[in-house]
Amino acid sequence: MTTKPSCLYCGHCGGEGPTSDAHQGCRQRLAMEPPRFCPQCSRRMKVQVTPWGWTGECSRHGSLGS
Ligand SMILES: [Zn+2]
Ligand SMILES: [Zn+2]
């Protein structure tokens, strides 16, 4: 079985199917600002903006970086 650790949820609004047209605006926002939701479980992440980008921390999946 092949599983790819891809984005299941929109990092901006936490909704499903981040590649759908409904999230087109979200993707544009995500190009400018850090995501607020974990792309793997849609939990709210603890996001910190750093001088070199951002880091998000999911309580289940650990930290994600830009
Ligand atoms: Zn979205
Ligand atoms: Zn997560």
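What pLDDT does the protein average, and what percentage of the residues score at least 70? In this predicted model, the average pLDDT is 91, and 92% of the residues reach a score of at least 70. Confidence varies among the elements of secondary structure: helix 1, residues 24-32, has the highest value at 95, whereas strand 3 has the lowest, at a mean of 89.

The protein contains one helix and three strands, arranged along the sequence in the pattern α-β-β-β. The C-alpha trace spans about 35 × 30 × 20 Å along its principal axes. The radius of gyration is 12 Å, which agrees with the value near 11 Å for a compact globule of 66 residues. Of these 66 residues, 18% count as buried. Among the contacts with a sequence separation of 6 or more, 20% are made by residues 24 or more positions apart.

The three strands form an open sheet in the order 1-2-3, with antiparallel pairing. Strand 1 and strand 3 are the edge strands, each of them pairing on one side only. From one strand to the next, the twist averages 20 degrees. In general, the strands of a sheet pair through backbone hydrogen bonds, in either a parallel or an antiparallel manner.

The pairing of strand 1 (residues 46-50) with strand 2 (residues 53-58) is antiparallel and comprises five bridges. A hairpin makes the connection between strand 1 and strand 2, passing through two residues. Within this pair of strands, Val49 is positioned opposite Trp54 of strand 2. Strand 2 also runs antiparallel to strand 3 (residues 62-65), to which it is joined by four bridges. Three residues lie between strand 2 and strand 3 in the hairpin that they form. Two pairs of residues illustrate the register here: Thr55 has Gly65 in strand 3 as its bridge partner, and Cys58 stands opposite Gly62 in strand 3.

Lys46 belongs to strand 1. Lys46 counts as exposed because it has 12 C-beta neighbours inside 10 Å, the cut-off for exposure being 12 or fewer. Leaving aside residues up to four places away in sequence, Lys46 touches Gly56 and Glu57. The C-alpha atoms of Lys46 and Arg36 are 7.5 Å apart in space, with a separation of ten residues in sequence.

The largest nonpolar core consists of five residues, namely Tyr9, Cys10, Phe37, Cys38 and Met45. One of these, Phe37, lies in the loop between helix 1 and strand 1. With 22 C-beta neighbours inside 10 Å, Phe37 counts as buried, since burial requires 20 or more. Beyond its neighbours within four places in sequence, Phe37 is in contact with Tyr9, Cys10, Gly11, Gly14, Ser42, Arg43, Arg44 and Met45. Phe37 and Gly65 are 28 residues apart along the chain, and their C-alpha atoms are separated by 13 Å. Another member of the core, Tyr9, touches Gly14, Gly15, Glu16, Pro18, Phe37, Pro39 and Ser42, again excluding residues up to four places away in sequence.

Ser42 appears in the contacts of Tyr9 and in those of Phe37. Ser42 is located in the loop between helix 1 and strand 1. The residue is partly exposed, as 18 other C-beta atoms lie within 10 Å of Ser42. The backbone of Ser42 is also notable for a positive phi, near 60 degrees, in a residue other than glycine. In general, most residues other than glycine have a negative phi.

Terms used. Residues numbered from 1 in each chain as written. Chains lettered and ligands numbered in written order. Predicted model: local features only at pLDDT ≥ 70, side-chain atom pairs only at ≥ 80, totals over all residues. Pairing = 2+ DSSP bridges. pLDDT = per-residue confidence, 0-100. Core = buried A, V, L, I, M, F, W, Y, C linked by C-beta atoms within 7 Å. Contact = placed C-beta atoms within 7 Å. Axes fitted to C-alpha atoms, helices over the stretch in contact; angles between N-to-C directions. Rg over C-alpha atoms; globule rule 2.2 N^0.38 Å.
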